[in-house]
Amino acid sequence: MPAKHLFEYAVIRVVPRVEREEFMNVGVIVYCRDLKFLQIKYELKAERLRAFSAGIDLEELEHRLQAFFKICCGKPDGGPIGELPLASRFRWLAAARSTIVQVSPTHPGLTHDPQQALEKLYHQMVL
């Protein structure tokens, strides 16, 4: 049986009105140092988000989450943060912020397969 690896994850939240502290989970970020794994999975469900906050700007949300994706993947268009080492990119993505896109505190886990952990967490926390 393959060894289990420590991983960390954070849930991505949309917080339409920061002062109210109400949020909706829209994605997950998973980081596993041992396997050099850092991936994000998210989905913006327009109808659900509009029911949650009628005036929400879905185009702006998509733009912000795409920036998270580019940083996570280390893409050149991820800017200076996207060029950082994997662990630094995860720490930056998982840092506390007071904007419309926020993340939960990070949580640890053990897995044989971080991709499978990402899918499982996405289904548990987002869908």
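The following legends describe an overall view and several close-up views of a predicted protein model.

In this predicted model, local features require pLDDT of at least 70 and side-chain atom pairs count only at pLDDT 80 or more, whereas totals for chains, interfaces and linings use all residues. Residues are numbered from 1 along each chain as its sequence is written, and side-chain values use heavy atoms, with hydrogens and water left out.

**Figure 1. Overall view of the protein, with five helices and five strands.** Helices (H or I, at least four residues) and strands (E, at least two) are DSSP runs, numbered from the N terminus. Along the sequence their order is β-β-β-α-α-α-α-β-β-α. The C-alpha atoms fill a box of roughly 50 × 30 × 20 Å along the principal axes. The radius of gyration of 15 Å agrees with the value near 14 Å for a compact globule of 127 residues; the radius of gyration is taken over C-alpha atoms, and the globule rule is 2.2 Å times the number of residues to the power 0.38. Of the 127 residues, 39% count as buried, where buried means under 20% relative accessible area, exposed over 50%, and partly exposed in between (1.4 Å probe, protein chains only). Among contacts (heavy atoms within 4.5 Å) with a separation of 6 or more, 62% join residues 24 or more positions apart.

**Figure 2. Close-up of the salt bridge between Glu 8 and Arg 91.** A salt bridge is a side-chain nitrogen of Lys or Arg within 4 Å of a carboxyl oxygen of Asp or Glu; by this rule the count is seven. In the pair shown, the closest N and O atoms of Glu 8 and Arg 91 are 2.8 Å apart. Glu 8 belongs to strand S1 and Arg 91 to helix H4 (residues 86-93), so the pair ties together parts that are 83 residues apart in sequence. Glu 8 counts as buried because its relative accessibility is 18%, whereas Arg 91, with a relative accessible area of 41%, is partly exposed.

**Figure 3. Close-up of the buried residues of helix H4.** Arg 89, Phe 90 and Leu 93 are buried in H4. They cover an arc of only 100° around the axis and therefore lie on the same side of H4; the arc is that of the directions from the helix axis to the C-beta atoms. The buried residues of H4 pack against S1, S2, S3, H2, helix H3 (79-82) and strand S4 (101-103).

**Figure 4. Close-up of a salt bridge within helix H2, between Glu 60 and Arg 64.** The closest N and O atoms of Glu 60 and Arg 64 are 2.8 Å apart. Both residues lie in helix H2 (residues 58-73), four residues apart, about one turn of the helix. Glu 60 is partly exposed, at 31% relative accessibility, and Arg 64 is likewise partly exposed, with a relative accessible area of 31%.

**Figure 5. Close-up of the loop between strands S1 (5-14) and S2 (24-32), with Glu 21.** Phi of Glu 21 is near 60°, a positive value in a residue other than glycine. Glu 21 counts as exposed because its relative accessibility is 65%. The view also includes the salt bridge between Glu 22 and Arg 20 (3.0 Å, N to O). Glu 22 has a relative accessible area of 36% and is partly exposed, as is Arg 20 at 43%.

**Figure 6. Close-up of Lys 36 in the loop between S2 and strand S3 (37-42).** Lys 36 is a residue other than glycine with a positive phi, near 50°. Its relative accessible area is 70%, so Lys 36 is exposed.
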